[in-house]
Amino acid sequence: AALLLDEWRNDMDEEIGAINQSLPNTAAGDSYYDDVGGKTRAIRMWISSVLRNIVHYKAVHRSYVNEAATTLQSYLPNDI
């Protein structure tokens, strides 16, 4: 579980680093011409990537919890 937390932390650090690197060099767009611009698109893509990571790590965490619960249940007496 600690390794999963470290992996999650590293992935999120990379995601934050990536958006911090790309946003300063990305065009903002022009609301007068109804152009959302590159910053908006970059942020939307970044949010999608972060959400995919959340879903992935949530699924992995759930499988670890289920495995631990199954292991614990196998060691507990049946009358509990």
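What share of the contacts in the protein with a separation of 6 or more is accounted for by residues 24 or more positions apart? The answer is 53%. Let us keep that figure in mind while walking through the structure, which is a predicted model.

The overall plan is easy to take in: the protein has two helices and zero strands. Of its 80 residues, 15% are buried. The protein exposes about 6,600 Å², and carbon and sulfur atoms supply 58% of that area.

Start with helix α1, which runs over residues 2–22. Its 21 residues reach 30 Å from the first C-alpha to the last, close to the 30 Å expected at 1.5 Å a residue. Four residues of α1 are worth finding in the view: Leu 4, Met 12, Glu 15 and Ile 19 are buried. They cover an arc of only 65° around the axis, which puts them on the same side of α1. What do these buried residues of α1 pack against? Their partner is α2. Turn the helix around, and the face directed away from the buried side carries the exposed residues Ala 2, Leu 3, Glu 14 and Gln 21.

Helix α1 also holds a pair of charged residues. The side chains of Asp 6 and Arg 9 meet in a salt bridge, with 3.0 Å from N to O. The count for the protein comes to one salt bridge. Both residues lie in α1, three residues apart, about one turn of the helix. Why does such a spacing suit a meeting of side chains? An α-helix has 3.6 residues a turn, so residues three or four places apart point the same way. Are these two residues buried or exposed, or something in between? Asp 6 is partly exposed because its relative accessible area is 36%, a value between the limits of 20% and 50%. Arg 9 likewise counts as partly exposed, at 42% relative accessibility.

Moving along the chain, we come to the loop between α1 and α2, where Gly 29 lies. This glycine counts as partly exposed, with 39% relative accessibility. Gly 29 and Arg 41 are twelve residues apart in sequence, and their C-alpha atoms are 9.9 Å apart in space.

Next comes helix α2, covering residues 37–75. Its 39 residues reach 58 Å from the first C-alpha to the last, close to the 57 Å expected at 1.5 Å a residue. The buried residues here are Gly 37, Gly 38, Ala 42, Ser 49, Val 50, Asn 53, Tyr 57 and Val 60. What covers them includes α1, just as the buried residues of α1 pack against α2.

There is another side to the story of α2. Which residues make a nonpolar surface patch of about 310 Å²? They are Ile 43, Ile 47, Leu 51 and Ile 54. Two of these deserve a look. Ile 47 has its place in α2 and is partly exposed, with a relative accessible area of 40%. Ile 54 is also found in helix α2, and its relative accessible area of 36% makes it partly exposed.

Ile 54 brings us back to the opening question. The C-alpha atoms of Ile 54 and Trp 8 are separated by 8.7 Å, although the two residues are 46 apart along the chain.

Terms used. Residues are numbered from 1 along each chain as its sequence is written. This is a predicted model: local features need pLDDT of at least 70, side-chain atom pairs count only at pLDDT 80 or more; totals for chains, interfaces and linings use all residues. Side-chain values use heavy atoms; hydrogens and water are left out. Patches are made of residues with over 30% relative accessible area and no salt bridge: like charges are joined within 9 Å, nonpolar side chains (Val, Leu, Ile, Met, Phe, Trp, Tyr) within 5 Å. Accessible areas come from the Shrake-Rupley method with a 1.4 Å probe; for residues, only the protein chains shown count as cover. A salt bridge is a side-chain nitrogen of Lys or Arg within 4 Å of a carboxyl oxygen of Asp or Glu. Buried means under 20% relative accessible area, exposed over 50%, partly exposed in between (1.4 Å probe, protein chains only). The expected span of a helix is 1.5 Å times one less than its number of residues. The arc is that of the directions from the helix axis to the C-beta atoms. Contact means heavy atoms within 4.5 Å.
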